[in-house]
Amino acid sequence: MKLDTANYKLNIFTEDICPDCIELKKKLEENTIPFINKSITHTMDRNSNAGHDKEKANNRWEFIDLATEFPEKVKFSPVMVIENLEGKKDIFSLEGGFKNTDEALEILKDYCI
């Protein structure tokens with residue numbers, strides 16, 4: 001299976017300790033499907049900035065915006081966002097498009113060459 005990277009890019013929103021997220025990333029790597037992982041795990045200790053990870057914080061806001069705009073599609077992590085060259089996004093999440101990581105891979109077949 002090879003993602004049609006000439007026409008699509010794949011971003012996934014994941015949480016660092018989520019078993020389904022870990023499994024999806026592993027399966028994507030095993031199938032050599034390129035993706036951009038956008039971790040949304042909150043790493044900031046509320047009493048200090050010592051553990052603050054700005055990139056994860058930005059990803060979290062992007063995830064919240066996505067969930068607000070597409071509440072019927074963004075249910076649970078992991079969330080796959082497949083974007084075409086024109087910027088059109090197809091969004092699939094656990095319980096918002098697939099029930100397990102095998103179903104997530106089946107969805108991706110439509111975007112492969």
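So, burial: of the 113 residues in the protein chain, 41% are buried. Please keep in mind that this is a predicted model. The accessible surface of the chain is about 6,800 Å², and carbon and sulfur atoms account for 50% of that.

Let me walk you along the fold. The protein chain has three helices and five strands, and from the N terminus on they run β-α-β-α-β-β-β-α. If you take the contacts between residues at least 6 apart in sequence, 53% of them join residues at least 24 apart.

Now to the inside. In soluble globular proteins, nonpolar side chains tend to be buried together. Here, the largest nonpolar core holds 16 residues, and the ones touching the most other members are Leu10, Leu28, Ile33, Met80, Phe92, Phe98 and Leu108. Two or more residues each come from strand 1, helix 1, strand 3, strand 4 and helix 3. Which of these gives the most? That is helix 3, with four residues.

Let's pick out Leu108 for a moment. Setting aside neighbours within four places in sequence, Leu108 is in contact with Met1, Leu10, Leu28, Ile33, Met80 and Ile82. Apart from this core there is another one, of nine residues, including Phe13, Ile40, Phe63 and Ile91.

Since helix 3 came up, let's turn to it. Its buried residues are Thr101, Ala104, Leu105, Ile107 and Leu108. Those residues cover an arc of only 155 degrees around the axis, so they sit on the same side of helix 3. What do they pack against? The buried residues of helix 3 pack against strand 1, helix 1, strand 3, strand 4 and strand 5. At the N-terminal end of helix 3 there is a cap from Asn100, with a side-chain oxygen 3.1 Å from the backbone nitrogen of Asp102.

Next, have a look at Met80, in strand 3. Met80 counts as buried because its relative accessibility is 0%. Not counting residues up to four places away in sequence, Met80 touches Leu10, Asn11, Ile12, Leu24, Asp90, Ile91, Phe92, Phe98, Ala104, Ile107 and Leu108. One of those, Ile91, is eleven residues from Met80 in sequence, and the two are 5.8 Å apart in space, C-alpha to C-alpha. Remember that Ile91 belongs to the nine-residue core, while Met80 is in the largest one.

Over in strand 4 we find Ser93. Buried or exposed? Ser93 is buried, with a relative accessible area of 0%. Beyond its neighbours within four places in sequence, Ser93 is in contact with Lys73, Val74, Lys75, Phe76, Pro78, Val79 and Phe98.

On to the aromatics, where the structure holds two pairs. In one, the ring centres of Tyr8 and Tyr111 are 5.0 Å apart and the planes are at 85 degrees; anything over 60 counts as edge-to-face, so that is what this pair is. Tyr8 is in strand 1 and Tyr111 in the segment after helix 3, so to speak of distant parts of the chain is fair: they are 103 residues apart. Tyr111 is buried, at 9% relative accessible area, whereas Tyr8 is partly exposed, at 24%.

The other pair is Phe13 with Phe63: centres 5.9 Å apart, planes at 50 degrees, and therefore tilted. This pair also links distant parts of the chain, with Phe13 in strand 1, Phe63 in helix 2 and their positions 50 residues apart. Phe13 is buried at 2% relative accessible area, and Phe63 counts as buried at 16%. Both belong to the nine-residue core.

Last, some backbone geometry. Most residues other than glycine have a negative phi, and most peptide bonds are trans. Where does this chain have a cis peptide bond? Between Ser77 and Pro78, with omega about 5 degrees; Pro78 is in strand 3. Then there is Thr32, a non-glycine residue whose phi is positive, near 50 degrees. Thr32 lies in the loop between helix 1 and strand 2, and is exposed, with a relative accessible area of 62%. Glu95 is not a glycine either, and has a positive phi of about 70 degrees. You'll find Glu95 in the loop between strand 4 and strand 5, partly exposed at 44% relative accessible area.

Thanks, everyone!

Methods:
Residues numbered from 1 in each chain as written. Predicted model: local features only at pLDDT ≥ 70, side-chain atom pairs only at ≥ 80, totals over all residues. Heavy atoms only, no water. Phe/Tyr/Trp six-rings, centres within 6.5 Å; stacked < 30°, edge-to-face > 60°. Buried < 20%, exposed > 50% of the residue type's maximum accessible area, 1.4 Å probe, protein only. Core = buried A, V, L, I, M, F, W, Y, C linked by side-chain atoms within 4.5 Å. Contact = heavy atoms within 4.5 Å. Areas by Shrake-Rupley, 256 points an atom, 1.4 Å probe, with all protein chains shown as cover. Arc of directions from axis to C-beta. Polar contact = N/O pair within 3.5 Å; in protein donor to acceptor, adjacent residues only side chain to side chain.
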